[in-house]
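Me: Hi! Could you walk me through this one? I'll throw short questions at you as I go.

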There are 2 protein chains.
Amino acid sequence: MRRQISIAKEIKYEIETHIGTLSTNAKGWTKELNLISWNGQAPKFDLRVWAPDHEKMGKGITLTNEELAALKDILTSM
Amino acid sequence: MRRQISIAKEIKYEIETHIGTLSTNAKGWTKELNLISWNGQAPKFDLRVWAPDHEKMGKGITLTNEELAALKDILTSM
């Protein structure tokens, strides 16, 4: 029998700056670009799905300043 | 006793177009913008971390054409 232990990890985050909303779906979930500090670390850009009132978060990705600049270049060259 | 069932789901994907690489870390993992078809569905833009040779994928986010355009506007206005 395979034992499985799930460890609930508390993630502290602070949305320091809301930069923009890319979309909002029928249930009010938004896809946003924010500047977020995770667990008190230096803030990073963050592209992620959020429940209304930011009660829950969905999958997403963090981006450093350099990565955001690279993404901007890629998008403008498309 | 809380029963936990983990269901291994097979995800089929095809990287139809590699659009650009935002960064590469010391272990060779890359953060990329691609156009990917998931489970045979219509391709979507996809911002995600990949292991070298795309053997494994990490967390990421899919973007519709409209969301990508909105992101481009947000980045150019920053």
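Reply: Happy to. One term before we start: helices and strands here are DSSP runs, with at least four residues for a helix and at least two for a strand, numbered from the N terminus. With that in hand, H54(B) can be placed in the loop between β3 and β4 of chain B. Please keep in mind that this is a predicted model.

Me: OK, and what is the phi of H54(B) like?

Reply: Phi of H54(B) is positive, about 55°, although the residue is not a glycine.

Me: Is H54(B) buried or exposed?

Reply: In between: H54(B) counts as partly exposed because its relative accessibility is 29%.

Me: Which residue in the loop between β2 and β3 of chain B should I look at?

Reply: Try N39(B), which sits in that loop. N39(B) is not a glycine either, and its phi is positive, near 50°. Its relative accessible area is 45%, so N39(B) is partly exposed.

Me: Stepping back, how many helices and strands does chain A have?

Reply: Chain A has one helix and four strands. Read from the N terminus, the order is β-β-β-β-α.

Me: And how much of chain A is buried?

Reply: Of the 78 residues in chain A, 35% are buried. As for contacts in chain A with a separation of 6 or more, 20% of them link residues 24 or more positions apart.

Me: Now the interface. How many residues does each chain put into the contact?

Reply: Chain A gives 28 residues and chain B gives 28 residues. Between them the two chains bury about 2,400 Å², and 73% of that is on carbon and sulfur atoms.

Me: Which residues of chain B lose the most area to chain A?

Reply: Those are L22(B), I61(B) and L75(B), which together make up 23% of what the chain B side buries.

Me: What about charges, how many salt bridges cross over?

Reply: Two salt bridges are found across the interface of chain B and chain A. One of the pairs to look at is E67(B) with K31(A), a salt bridge whose closest N and O atoms are 3.1 Å apart. For polar contacts, the count between the chains is eight residue pairs.

Me: Which elements of chain B supply the side that touches chain A?

Reply: β1 (13-24), β2 (30-38), β3 (44-50), β4 (57-63) and α1 (65-77) of chain B each bring at least two residues to that side. The largest share comes from α1(B), with eight residues. By class, the chain B side holds 14 nonpolar, eight polar and six charged residues.

Me: Since you mention α1, what does K72(B) touch?

Reply: K72(B) lies in helix α1 of chain B. Leaving out residues up to four places away in sequence, K72(B) touches L75(A), T76(A) and M78(A). K72(B) counts as partly exposed, because its relative accessibility is 29%. Within its own chain, K72(B) is 39 residues from L33(B) in sequence, with a C-alpha to C-alpha distance of 13 Å.

Me: Where is the largest nonpolar core, and which residues have the most contacts inside it?

Reply: That core has 23 residues, and the ones with the most contacts inside it are L33, L47 and L71 of chain A and L33, L47 and L71 of chain B. The elements giving two or more residues to this core are β3, β4 and α1 of chain A together with β3, β4 and α1 of chain B.

Me: Which residues does L47(A) touch?

Reply: Beyond residues up to four places away in sequence, the partners of L47(A) include L33(A) and I61(A), and also L47(B), I61(B), L63(B) and L71(B).

Me: Switching topic: is N34(B) buried or exposed?

Reply: Its relative accessible area is 0%, so N34(B) is buried. N34(B) belongs to strand β2 of chain B, and its side chain makes a polar contact of 3.0 Å with the side chain of E32(B). Other residues touched by N34(B) include I15(B), H18(B), F45(B) and W50(B).

Me: Last one, how about K56(A)?

Reply: K56(A) is in the loop between β3 and β4 of chain A. At a relative accessible area of 55%, K56(A) is exposed, because exposed means over 50%. K56(A) touches W29(A), W50(A) and A51(A), not counting residues up to four places away in sequence. Its C-alpha is 28 Å from that of E66(A), 10 residues apart along the chain.

Conventions
Residues numbered from 1 in each chain as written. Chains lettered and ligands numbered in written order. Predicted model: local features only at pLDDT ≥ 70, side-chain atom pairs only at ≥ 80, totals over all residues. Heavy atoms only, no water. Contact = heavy atoms within 4.5 Å. Buried area = accessible area lost by both parts, 1.4 Å probe. Salt bridge = Lys/Arg side-chain N within 4 Å of Asp/Glu carboxyl O. Polar contact = N/O pair within 3.5 Å; in protein donor to acceptor, adjacent residues only side chain to side chain. Nonpolar A, V, L, I, M, F, W, Y, C, P; charged D, E, K, R; others polar. Core = buried A, V, L, I, M, F, W, Y, C linked by side-chain atoms within 4.5 Å. Buried < 20%, exposed > 50% of the residue type's maximum accessible area, 1.4 Å probe, protein only.
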